[in-house]
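Student: I would like a close look at a single part of this protein. Please take me through one helix and then through the charged pairs.

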Amino acid sequence: MTAPQTQGISILLVDDHPVVRQGYRRVLEHQDDFHVVAEADNAADAYRAFKAHAPAVVVMDVLMPGASGLEAVRNIRSRSSSTRILVFSMHSEATQVKAAFNAGANGYVTKGSAPGELIRAIRAILRGEQAISDDIARVLALESLSPTGSALDQLGEREIEILRQLAAGATTEQIAANLNLSMKTVQNYHYLIKTKTGMRTDAQLVRLAVECGLASL
């Protein structure tokens, strides 16, 4: 799923739906200086494509089979401080947005945004700015006014990723393989997540993850 290297702004496009990738590839390449040099449909392939093509920009979905896009964002950021990463997701919950920026994203735009907003966000992060779509700005503004905040505010990035995978039905063994962790480490995180959120059962954890936009039923 690669394209010939061309001069201009090279982009890696990551989404697990081929039709979505095809549509947004057309949107991006309608810009004369934007060139999609590679595509991927999961976090592991995204990281491999990043290492192979070293794109200037990565446009990354969040919820994909296996490890989430945020895991790929974290891996890419650990390898490169200069690559610009824009999360492009259907989810607009404050927890997801903050987790994306904590993982190393430079911007966050929802898929409900107009195509022009995606283009503007890419150009903004290329200038070194932080970019968010209008709906995300509203969500973050409302969240900042909340006196209580989210039940997930006490969780770290890795804990949020493990909770997301637990809620999606992944086993401890699958999570360990997705994140290159030992099963014992995943079990320890599982215990910590319950302790920090006050949830006693996995069913309660799943409900919490759904309410916070980390998973869907």
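Tutor: Here is a walk through helix α2, followed by the salt bridges. Keep in mind that the model is predicted.

Start with the helix itself. α2 covers residues 43-53, and its buried residues are A43, A46, Y47, A49 and F50. Seen down the axis of α2, these residues fall within an arc of 165 degrees, so they line one face of the helix. An α-helix has 3.6 residues a turn, so residues three or four places apart point the same way. The buried residues of α2 pack against three strands, β1 (9-14), β2 (34-40) and β3 (57-60), and against helix α3 (69-79).

Now the two ends. At the start of α2, a side-chain oxygen of N42 comes to within 3.1 Å of the backbone nitrogen of A44. After α2 comes A54, which has a positive phi, near 45 degrees.

α2 also holds a charged pair. D45 and R48 form a salt bridge, with their closest N and O atoms 2.4 Å apart. These two lie three residues apart in α2, so about one helical turn separates them. D45 counts as partly exposed because its relative accessibility is 28%.

Next, look at β2, one of the strands α2 packs against. E39 meets R21 in a salt bridge, at 2.9 Å from N to O. That pair links distant parts of the chain: E39 sits in β2 and R21 in helix α1 (residues 18-29), 18 residues apart. Both E39 and R21 are buried. E39 also forms a salt bridge with R25, with the closest N and O atoms 2.5 Å apart. R25 is in α1 too, 14 residues from E39. Both E39 and R25 are buried. A network of salt bridges links R21, R25, E29 and E39. Across the whole structure, the search finds 14 salt bridges.

Key
Residues numbered from 1 in each chain as written. Predicted model: local features only at pLDDT ≥ 70, side-chain atom pairs only at ≥ 80, totals over all residues. Heavy atoms only, no water. Buried < 20%, exposed > 50% of the residue type's maximum accessible area, 1.4 Å probe, protein only. Helix = DSSP H or I, 4+ residues; strand = E, 2+ residues; numbered from the N terminus. Arc of directions from axis to C-beta. Contact = heavy atoms within 4.5 Å. Polar contact = N/O pair within 3.5 Å; in protein donor to acceptor, adjacent residues only side chain to side chain. Salt bridge = Lys/Arg side-chain N within 4 Å of Asp/Glu carboxyl O.
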